[in-house]
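Here is my note on this model. Please read it with the structure open beside you.

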Amino acid sequence: MRPSRGTLPSMDQRLTRRRFLAGGTKLAGASLLAGMAEGAFGGLTPLSSRAAQNAALSPQSGAGSRLETDAHGMIVYSEEYITREMPVSFLDSWITPTEHFFVRNNEHMPHIDLAEWRLSIRGEVARPMTLTMTELSKVEPRTVTNTLECAGNGRAFFQPRIRGVPWTRGGVGNAVFRGPALGALLQLAGAKSTARHVAFRGAALPSPDPLFTRSIPMGKAQDQDTIVATEMNGLPLTPEHGYPARALVPGWIGSASIKWLTEIRLLTHELAGYYMDSAYRLPARPSQPARENANVPVDSPRGSVITSLPVKSIIAAPVDGSAIDLGGAQVRIFGATWAGTSTVARVEISTDSGKSWQPAALGSEHARYAWRFWDFEWKPPEEGAYIVLSRATDNRGRSQPLELPSNPGGYLWNAMDRIRVTVGRGAG
C-alpha cells in the first residue's frame, strides 16, 4: 500500500441533468419498445423487424421471447450500452450462471489493463491511499451470496407505458461474490468521524455524459456484507459485470453496486449528482402510507433516493400463455422471491384470479440477501382460462400489492406477478 499521489477529479459535483446518450444505439425489438426506451437511449435503430408482434404484447406477457438474443440466449436491448435480460425460462438454478446474469451498463464498457488499474480511497480519511490489485487481494476476503436486481426490472408492466429499458422479469440474478469488506478498507484508510457517506466512482471514459457515481450511508458501507467484489461465482469478474472490481451493496438496487471501481471517497454528506438527485429516486406520495409500501417515501417533497429492493416474487413456470392438459399430471408452479434487506416470510399462490390463496413451499437454499425458490402443485379443476398470481410477504408484514402506482422512472415494480394459462383436454 502506498499514499496516493495527486488528486482525482472530485465526485462531489452537482450534475443538474443527464445529457441523453448519443444516437445510433442499437436497441432490440419493435417500434413499441423503441418508443418506451427513447428517453433513455436517444435515437434508436431496432435490431429486430418484429414490430407487429411486439406491439401486440400484453402488459404482463413474456416479451423477451420475441426479442433478439445473444449466443447464451440472453435478451439483448442494447449492444452499445450493454443491456441484457435473462429470459424467465432460464430460472432453474439458485446461483445464476454468469452468462445468464443480467447486464445493465449506463456507460460504455471500459477496457481496463489490470497492471495499470488502481483503487484510491480518499476524502474524510486519515490515510488516503491507492491500492493495486495485489495489495487489495491481501485484505481478507468475504463471500456474499446476493440477489442483484435492476431498479427498472418490471418496467414494461407499468401502465401507462414508461420510457426506459423495457425489462420484464429477468433484470435480476443471484450470484456468489467475493472480495474484501468495504468496512475493512475504510478502517485501513482511517475513516474519520466526520464521514457520513461513501461514494463510488467507476473508470472514467471520454463521454459527454455524467460519470455514473453514487453514494451510500456510512452505516450500510460498514455492513460486513458490503464488499469490494473481485470475483463472481468463483471466477474473476467479467468485463460486463465490473472487472476488475465493483462495489457490492447487498439487498439494494443494482445501481448502488458501481462497476469498474476506481475510487472510494468518504464524504460528510450524501453525494450530489445526476444519479443521486434525478435518476434512481421515487417521488413522495403522502397519500400512500409507508406501512403499505415502505419503498414509497413520504418524508420529503422531492422523494428519496432508492435504496433497498422491495419484497417481490416472480413466476418462472408455467410460461405465460401456456396450454395445460386437463388430464395430465399436477402442474408445477415455480418461481423465486426476494426482499432486499428484509426476509421473505411466505409466498402465496392464487389460481382463481385472487379470490383465494394457498401457501407455496419455500426452497431450502437461502441466504441473508439472496432470493429463495418456491413451488406449488396445482391440479386444475376444469377446462378454461386461468390467471395465476404469486404474492410474497416479508418479515415486516409488507406484501406485494395487486396494482402498483406509476412513477416517472418506472422503478421498483413489485406488483403481484401473474400469468395466464389455458387448460383443456389434450392441450400442452
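1. Strand 27 and strand 28 (residues 417–424) run antiparallel, joined by 7 bridges. One pairing to look for is Ser390 with Asp417, its bridge partner in strand 28. Keep in mind that this is a predicted model.

2. Strand 27 also pairs with strand 23 (residues 344–350). That pair is antiparallel too, with 6 bridges. Find Ser350: its bridge partner in strand 27 is Leu389.

3. Is strand 27 mostly covered or mostly open? It is mostly covered. The strand spans residues 384–394, and 8 of its 11 residues are buried.

4. Now turn to the largest nonpolar core. It holds 57 residues. Which members touch the most others? They are Ile121, Leu182, Val198, Phe200, Val228, Ile264 and Leu266.

5. Take Val228 as an example. Leaving out residues up to four places away in sequence, Val228 touches Leu119, Leu136, Arg178, Gly179, Pro180, Leu182, Leu185, Ala245, Arg246, Leu261 and Ile264.

6. A second core, separate from that one, has 20 residues. Among them are Ile333, Ile349, Val388 and Ala392.

7. Finally, the whole chain. It has 428 residues, and 56% of them are buried. The protein chain contains 6 helices and 28 strands. Among contacts with a separation of 6 or more, 71% link residues 24 or more positions apart. The accessible surface is about 17700 Å², and carbon and sulfur atoms account for 51% of that surface.

Key
Residues numbered from 1 in each chain as written. Predicted model: local features only at pLDDT ≥ 70, side-chain atom pairs only at ≥ 80, totals over all residues. Heavy atoms only, no water. Core = buried A, V, L, I, M, F, W, Y, C linked by side-chain atoms within 4.5 Å. Buried < 20%, exposed > 50% of the residue type's maximum accessible area, 1.4 Å probe, protein only. Contact = heavy atoms within 4.5 Å. Helix = DSSP H or I, 4+ residues; strand = E, 2+ residues; numbered from the N terminus. Pairing = 2+ DSSP bridges. Areas by Shrake-Rupley, 256 points an atom, 1.4 Å probe, with all protein chains shown as cover.
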